[in-house]
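Subject: Structure handover

Hello,

The structure I mentioned is below, with the sequence. My notes on it follow.

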Amino acid sequence: MSQLETVTLEHLPPSHKIYLCLFKDVQNPDFLLTQLRSRNADFEYAFIDSTSLISRLHLLAAVFRAVNGLLGDNLRTPNVHSEIVLSMSASNNIAEAYQKFGITSGTKHVTIVKVVFPTDSVPVPPNADDVWAHLSENVEGTPLPLTDDNIAGDTDWAKMHKVYKMNGGPAARLDKMSLDDKVRRKEKETLALGGMALRGT
Amino acid sequence: MATAESTGTEADEQRQHQQQQPQTSSYPLPAILTYPASAPPHLVAQGAEGRVYKTTYLVPDLQCAFKYRPPKPYRHPILDQRLTRQRILAEARVLVKCRQEGVPVPAVYGLDENVGWLAMEWIEGEPVRAKLNQWLSSRAGEDVESNQKLIDLMVKVGDVVGLLHKHGIVHGDLTTSNLMLRPSSKMGASEVKSDTDTLLDGDIAVIDFGLASQATQVEDRAVDLYVLERAFASTHPRAESLFDQWLLSGYKSSFKQAPVVLKRLEEVRMRGRKRSMLG
């Protein structure tokens, strides 16, 4: 059964469809990486290493920014999928964004985003079934819906603190406070969103 | 909006008028606000430079304050874009910095500095201005100067302003309209006694950093306090006397360098906020 989710984000046109899925215990990250590096057009996805995800909203904020850039014809990278990876980052360095948020050969859990929209050359973009058929055939892993609970255990906090400059103050302050884990995660998510919004400025 | 005093017909007419002409139609929206959302943008504030809409962001259950600085036709387009960009980014930087330091301000959700919008956390509750006026009118004729609820509020406000200054932020437009009183996380329904008794309960959050700057000069901080003091004097004269004693004691409690600033405040009071006597 398809585990691919179709997401509608607030304030984005219905012509642009966003598909999401999480694959746990992926066995073939090297294969995916090769497709990505060879710029195989069939593998136009944003592959995000789930250790770099704080929450579902964290990812959605990056997707929104990338699609907003696409709509405004203001992309800093070749396409909307690479733009999603860059939009996760707090810095403008594209290679660094791929290292920190993209997949590596050591990646275990992968979050996948696909954005489709009609273009002049492809007026009818692939639908959810097409996308799912391709993913399930090529990603060897356990597909799961992208929920906060499904990624909660995977977050690499040391990495998140570093990339969003929470070290030396904010992270320590939040970790010291007697907060519910969910509240703490939410506040760190908020700081990450701020860092992403101010990327490279 | 129809007021309580208006007659039924007038109110009906106004309502019809609003339906025919949604309030947003008179102002062009940025393209991003013309796409579907579960809570379509609703204009909540309009300033000289920008407009604030209440809407949702990313997902239906996330409310946001969406600030848009439209292009100004009277400015040269290149200058206009540069100014808008700088101001959106300056405001966002201040908000992010405050949030990192634990100062209660709206979180930044996203922005587009080229188009001129900033999406922020929607702060629940009401401005201190409204709450305080409701509370004061419920106690008309009473001597409120030693009222503990009012004292607590003044201390809370001073404490938050001290936090801002401590982290190198000067707000630039501190008024009781830019201080929100939001329901405290600790407030339970069981604590509710009478309506007016709990009016001043809650946590302070500072909003509208459109004129804020990252400044550490004594003068800027003193002027920030002076502007707030004048705001209290003009909007809530009955609470003014508590400014010196209680608000400033809250300020001192959160900001170590307060004494220097308070000394300068004395000078600012003598001459007004413009030191240079220009502009």
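In this predicted model, strand S8 (residues 179-182) of chain B runs antiparallel to strand S9 (residues 203-206) of chain B, and four bridges join them. Helices (H or I, at least four residues) and strands (E, at least two) are DSSP runs, numbered from the N terminus. Two strands count as paired if DSSP finds at least two bridges between them. In S9(B), B:Asp203 is the residue opposite B:Arg182.

S8(B) is also joined by two bridges to strand S6 (residues 126-127) of chain B, again antiparallel. Here B:Glu126 stands opposite B:Leu181, and B:Pro127 stands opposite B:Met180. The result is an open, antiparallel sheet of three strands of chain B, in the order S6-S8-S9. S6 and S9 of chain B are its edge strands, each pairing on one side only. In a regular strand, side chains alternate between the two faces of the sheet.

On conventions: residues are numbered from 1 along each chain as its sequence is written, while chains are lettered from A and ligands numbered from 1 in the order in which they are written. Local features need pLDDT of at least 70, side-chain atom pairs count only at pLDDT 80 or more, and totals for chains, interfaces and linings use all residues; side-chain values use heavy atoms, with hydrogens and water left out.

Domains of chain B

The domain assignment splits chain B into domain 1 (27-121) and domain 2 (126-271); such bounds come from an automatic or database assignment. The C-alpha centres of domain 1 and domain 2 of chain B are 26 Å apart. In contact (heavy atoms within 4.5 Å) are 15 residues of domain 1 of chain B and 15 residues of domain 2 of chain B. Between them these two domains bury about 1,200 Å², with 65% of that area on carbon and sulfur atoms. Buried area is the accessible area (1.4 Å probe) that two parts lose on being put together, summed over both.

One salt bridge is found across this domain interface, the rule being a side-chain nitrogen of Lys or Arg within 4 Å of a carboxyl oxygen of Asp or Glu. B:Lys67 and B:Asp208 form a salt bridge, with their closest N and O atoms 3.1 Å apart. On the domain 1 side of chain B, helix H2 (residues 77-101) gives the most residues to the interface with domain 2, namely seven. By class, that side has seven nonpolar, one polar and seven charged residues. Nonpolar here means Ala, Val, Leu, Ile, Met, Phe, Trp, Tyr, Cys and Pro; charged means Asp, Glu, Lys and Arg; the others, Gly among them, are polar.

Chain A against chain B

Between the chains, 26 residues of chain A contact 32 residues of chain B. The area buried by chain A and chain B is about 2,400 Å², 62% of it on carbon and sulfur atoms. A:Glu10, A:His11 and A:Leu198 supply 30% of the area that chain A buries against chain B, more than any other three residues.

This interface has one salt bridge by the rule. A:Glu187 and B:Arg99 meet in a salt bridge through their side chains, at 2.8 Å from N to O. Helix H2 (56-71), helix H8 (170-176) and helix H9 (181-197) of chain A are the elements that give two or more residues to the side of chain A touching chain B. That side of chain A divides into 15 nonpolar, seven polar and four charged residues.

Regards
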